[in-house]
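Q: Could we go through this protein together, starting with model confidence and then moving to particular features?

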Amino acid sequence: MPPARKTPTPAKVAIASFIGTTIEWYDYLVFGAATVLVFNPLFFPKLDPVAGTLAGFATLAVAFLARPLGGLVFGHYGDVIGRKKMLVLSVVMMGAGTVAVGLLPTYETIGIWAPVLLVVLRFVQGFAVGGEWGGAVVMSLEHAPAHRRAFYASFPQAGVPAGTFLSTGAFFLVTLMPSEQLLSWGWRIPFLSSALLVVVGLYIRLKVTESPEFLAMQAKGDTVKAPAAEVFKSHKKALLVGMFCMLAPNTVFYLASTFFLSYGPIHLGLSRSLVLSALLVAAALQVVTLPLFALLADRIGTKNLLIIGCAAVALGAFPVFLLFDTGTVVGVVSAYLLALPVLHALVYGAISGFIAELFPPRARYTGSSVAYHLGGAVTAAPVPIVATLLLTEFGSSTSIALYVVLAAVLCALFISLAPRSKEHTQAGSARPEGAGLDLTPTS
């Protein structure tokens, strides 16, 4: 028999998940930057600026409809045949969709088919990322020791700001080009660059071994044929909690990473380079603060930290807008530093382990993926659209700050419905690995 392959350390698996997730979220988020900066004149030239911006945000939102479907399909096979295979497929699909956007003819060349194909490729991206998050989190969690599960599960979360940094940086560089060259061919560079990143991601994914918890389930014949049916039948409360615990972090993130990119230049007269630079700095710092807050969650309890984070988001909403609305370099940078490395990281860093442990191992990939991405469709996709409509209706950012406060309050209410993790019921105790939080109704 061939020698057994050595199981990698939790740190190696977490780092591999971080790198793979960074690449996938670069692909996913580079579309968001392009939507704000160049897609309006290239794919929606017949619309006025406000309508064009809303059309671009609507195209962006298509991915949120595809993400739950991707989570359902990838999650099913991830729980039935293995986590690793699905992670390899997701990175290939995402890369193919992103490169195809970079090759897409514009409205001037093929007319209405340009925005139609753009929507189709955005759907492909959403479907792929629907399988990415759950698989990466579950792999990190299931390789981790019981007392560090929130910490290691946060590494895929850190891939989101890392992907934000790379995608924003890519567009920051191409926006330095003359406008004519940017709109002619420069905007394609960040998308086509994904081909190289896919090769790196594929290599990393192929080197990671299968989850030991999945292998143990497989050996005992404990896998289920229809994990989705089990999730929707036996874990409905867990699904709702997993969906709506994303309200606060998603609202903050998509305001900062998407809405501010148009709000700053159009309504405050800020230069794009200033807003992009502030976003770059904040995203870079958040790569560090996310796992640090997750480490704190392992000490004081994930549920405790998340509720504290929701309170911080509610208290920080108005200061973020007050700082950003100053229109100064110090104000804009300070707003981003408060919004992402502090407020968003407080809630988002530990949310991955929180959601994953709502479900038992045999339905964990499906349950966590569907909860996360259905939550994204409900809580994230509307954010830039709602913010734009509120700004148009009321003419100031006050109404948007109130929207953030409401999201934070609702988020805390849903998080409070989850039971407290057993590992934090007494100091230093650790719960058994792989034991999901029991949210099934008792008879």
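A: The discussion below covers confidence, a helix, a surface patch and salt bridges.

A: This is a predicted model, in which local features need pLDDT of at least 70, side-chain atom pairs count only at pLDDT 80 or more, and totals for chains, interfaces and linings use all residues. Residues are numbered from 1 along each chain as its sequence is written, and side-chain values use heavy atoms, without hydrogens and water.

Q: What does the pLDDT average for the protein?
A: The average is 85, and 90% of the residues score at least 70; pLDDT is the predictor's confidence in each residue, from 0 to 100.

Q: Where does pLDDT stay under 50?
A: That applies to residues 422-443. Where pLDDT is low, the predicted coordinates should not be read in detail.

Q: Changing topic, where is the kink in H16?
A: A kink of about 40° lies at Gly 316, shortly before Pro 319. The bend is the angle between axes fitted to the seven residues ending there and the seven starting there.

Q: How many salt bridges are there?
A: The count is 9, a salt bridge being a side-chain nitrogen of Lys or Arg within 4 Å of a carboxyl oxygen of Asp or Glu. One of them joins Arg 83 and Glu 142 at 2.8 Å, N to O.

Q: Which helices does that pair link?
A: Arg 83 belongs to helix H3 (residues 83-102) and Glu 142 to helix H5 (residues 113-143), 59 residues apart. Helices are DSSP runs (H or I, at least four residues), numbered from the N terminus.

Definitions and conventions. Contact = heavy atoms within 4.5 Å. Helix = DSSP H or I, 4+ residues; strand = E, 2+ residues; numbered from the N terminus.
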